[in-house]
Amino acid sequence: MEILSILKNKVISVVEILEKQEILPSGLNKSLITIEKPKDESFGELSTNVSMVLAKDAGIRPRDLAAKIVDILKEDEMISSTSIAGPGFINFRLYKKIWIKLVKKILEDGEKFGFKNIGENKKVNIEFVSANPTGPLHVGHTRGAIFGDVLANLLNNVGFVVTREYYINDAGTQIDSLARSAHSRYQEALGKEYNANENEYPGDYLKTVGQKLKEEFGEKLISIRDNNNLEKIKEYTVKIMIDEIKKDLSDLGVFMDSFVSESSLYKDGKVQEAIDQLTRLGLIYKGVLEKPKGSEDPDWVEREQDLFKSSMFGDDIDRPIKKIDGSWTYFAPDIAYHYDKIKRDYDEIIDIFGADHSGYTARMKAIVKALSEGKKDLKIKLCQLVKLYKDGKPVKMSKRAGTYITLGDLLNEVGKDSVRFLFLMRKNDAPLDFDFTKAIEQTKDNPVFYVQYANARICSILKRAKSLNIKINDEVLSTSDLNKLSTESEVSIMRKLSEWPNVIFFSVSRYEPHRIAFYLNELAQLFHSLQSLGKIDHSMKFLIEGDIQLTIARIALIRSIQIIIISGLKILGVNPIDEML
RNA sequence: GCACCGGUAGCUCAGCUGGAUAGAGCACCUGACUUCGAAUCAGGUGGUCGGGGGUUCGAAUCCCUCUCGGUGCGCCA
């Protein structure tokens, strides 16, 4: 039951009646009509812009049109009063029974309330994190991980079949360098002196890898001249790194369905296959790129290379697929990877990138359009960078220098629930300033506690009600007489509850999970406020001695609040705890 | 030079594909617990929505332009 869309349909059908009566010209564009909550509740509970939107095409002044619409609308069984205001807004209030019906519906539906089947079992692939397996995940990856995971939860809950996928960059020079770094640590474990090499990763986490290599292989792989040995070390090290990453992700509450490895794309000939396909489509040619104008690269050499015509598909320039030594660029296996995704026949392909890859989006969209021959549209969501502060000062992070805050650090010091919620209190394309110290110390300011506390409070009220032998299961509540809910605060919170389906809809259709977090915060606020009323005026308490009907009605209300808080927190991957410590 | 993202209260940020007098948290000031959890609540102070044009009944929102900040721009991934 979505009150807003029901009312919108009612408004539209009123317009259609007026069209039929030839009071309005037929065929008016009704797509801009909206039902919304006025900023100021004194205007009314809901309002519509219908008369302003249609006035021009209908050739009638907005307020006159509003009057004609109101004449019909005021007879509606849901609408208790109407008024016309401002430039032509139609404001109206609904009968209380409508809001009470809503509460009952929430109690009937439980946590699935508000989730429509938008997806209709369409297959979605959502690729995120995809960090290079050269070290542990850091805060930047964390943001993408949370964003992707919650988006996946959302899509899953509205009827999409979601695959969470991680692309492992386990090929290329970085991985070679990782293998050499691991080899150095392996030697160190075997008693040789460790000399920091400029081209190697300095992080301490590789010490463990060295130890494990020693335990696994003894001294067998000591000679790095033997290429097979280096390959073995590479394979083993990548596996350990991926295992670490999987563990960190699972501690964060993120579980991938699928891992695709870059090296397997080479092995299976998929890179060549994808490039062949592009060649067949006539989208590869030999050409020379201009040097970027502001770039201060002194080593720039103009040369002819194999280019993909990405500018045909909205990119600024064409992109090279081969390096000077004839090997593939980073772009080439990505082409193959996305070709593979296209062939796996997903209805939607979504990539979550960090902002440092923003320059990459145009060419990736281009490749998907090209290889799907215009049928698929890659959706890319960018997560802006996370700026980390400690004691109010920015923390400089460098993988090379080995100084960075890992996901593990975050989870240890801040905790999963706080990290997830705090990261979602920012929309994805705004940069995120995260003060480590603040997140740990000032837990009172942390919105996740605020929302969890609301749930905990509701839990204790329900517990108390139970101890008073009041039947409070949802079925009983939903079939009880709830007409005693009548104060302005109560009705106002019911109106808030009615927004939940809309919040979900916008979060899904615009890929903006932060809306859920903000909504939960607002809902919790209304609840805390409602509960506090009972402190001043005891007749406003939830459990009223001697008035069982009122008590049950109020329990039904707070239980429906709780259902939505729990449902929302689950989407965010945050624990709806029953008791605060 | 070009591309993408941002600029909203002292600070951190929302603003629902154009709606009415621009919101929240923190900070600051004033109040509220012998009762269902004070990790809470009520009230107050605080704004040139970066600047300037345009589109229209109506702009923080859409278009143009300028400006500041972030990120990126073949032979790294």
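In this predicted model, a phosphate oxygen of RNA strand B lies 2.2 Å from an N or O atom in the side chain of Tyr-450. Tyr-450 is also among the closest residues to the strand, together with Trp-300, Arg-457, Arg-510 and His-538. Two serines add further side-chain approaches to the RNA. An N or O atom in the side chain of Ser-529 is 3.2 Å from a phosphate oxygen of RNA strand B, whereas the side chain of Ser-460 places an N or O atom 2.9 Å from a base nitrogen.

These contacts belong to a wider surface. In total, 73 residues surround RNA strand B, and by class they comprise 31 nonpolar, 21 polar and 21 charged residues. On the RNA side, sugar or phosphate accounts for 58% of the strand's atoms within 4 Å of the protein, and bases account for the rest.

Several secondary-structure elements contribute to the surface near RNA strand B. Helices α2 (50-58), α6 (173-189), α16 (447-467) and α20 (514-536), along with strand β4 (89-94), each supply at least two of its residues. The greatest contribution comes from α20, with 10 residues.

Attention may now turn to the protein interior. The largest nonpolar core contains 145 residues, and within this core Leu-94 and Ile-561 touch the most other members. Helix α21 (residues 548-572) gives the most to this core, contributing 13 residues. Beyond its neighbours within four places in sequence, Ile-561 is in contact with Ile-458, Ile-493, Leu-497, Leu-523 and Phe-527. A second core, separate from the largest one, has 31 residues, including Val-271, Ala-274, Leu-278 and Val-368.

Another isoleucine, Ile-69, shows how residues are packed in helix α3 (residues 62-73), where Ile-69 is located. The relative accessible area of Ile-69 is 0%; because buried means under 20%, Ile-69 counts as buried. When residues up to four places away in sequence are not counted, Ile-69 touches Val-14, Leu-18, Val-50 and Ile-90. For a sense of scale, Ile-69 and Thr-551 are 482 residues apart along the chain, and their C-alpha atoms are separated by 40 Å.

Definitions and conventions
Residues numbered from 1 in each chain as written. Chains lettered and ligands numbered in written order. Predicted model: local features only at pLDDT ≥ 70, side-chain atom pairs only at ≥ 80, totals over all residues. Heavy atoms only, no water. Core = buried A, V, L, I, M, F, W, Y, C linked by side-chain atoms within 4.5 Å. Buried < 20%, exposed > 50% of the residue type's maximum accessible area, 1.4 Å probe, protein only. Helix = DSSP H or I, 4+ residues; strand = E, 2+ residues; numbered from the N terminus. Contact = heavy atoms within 4.5 Å. Near = heavy atom within 4 Å. Polar contact = N/O pair within 3.5 Å; in protein donor to acceptor, adjacent residues only side chain to side chain. Nonpolar A, V, L, I, M, F, W, Y, C, P; charged D, E, K, R; others polar.
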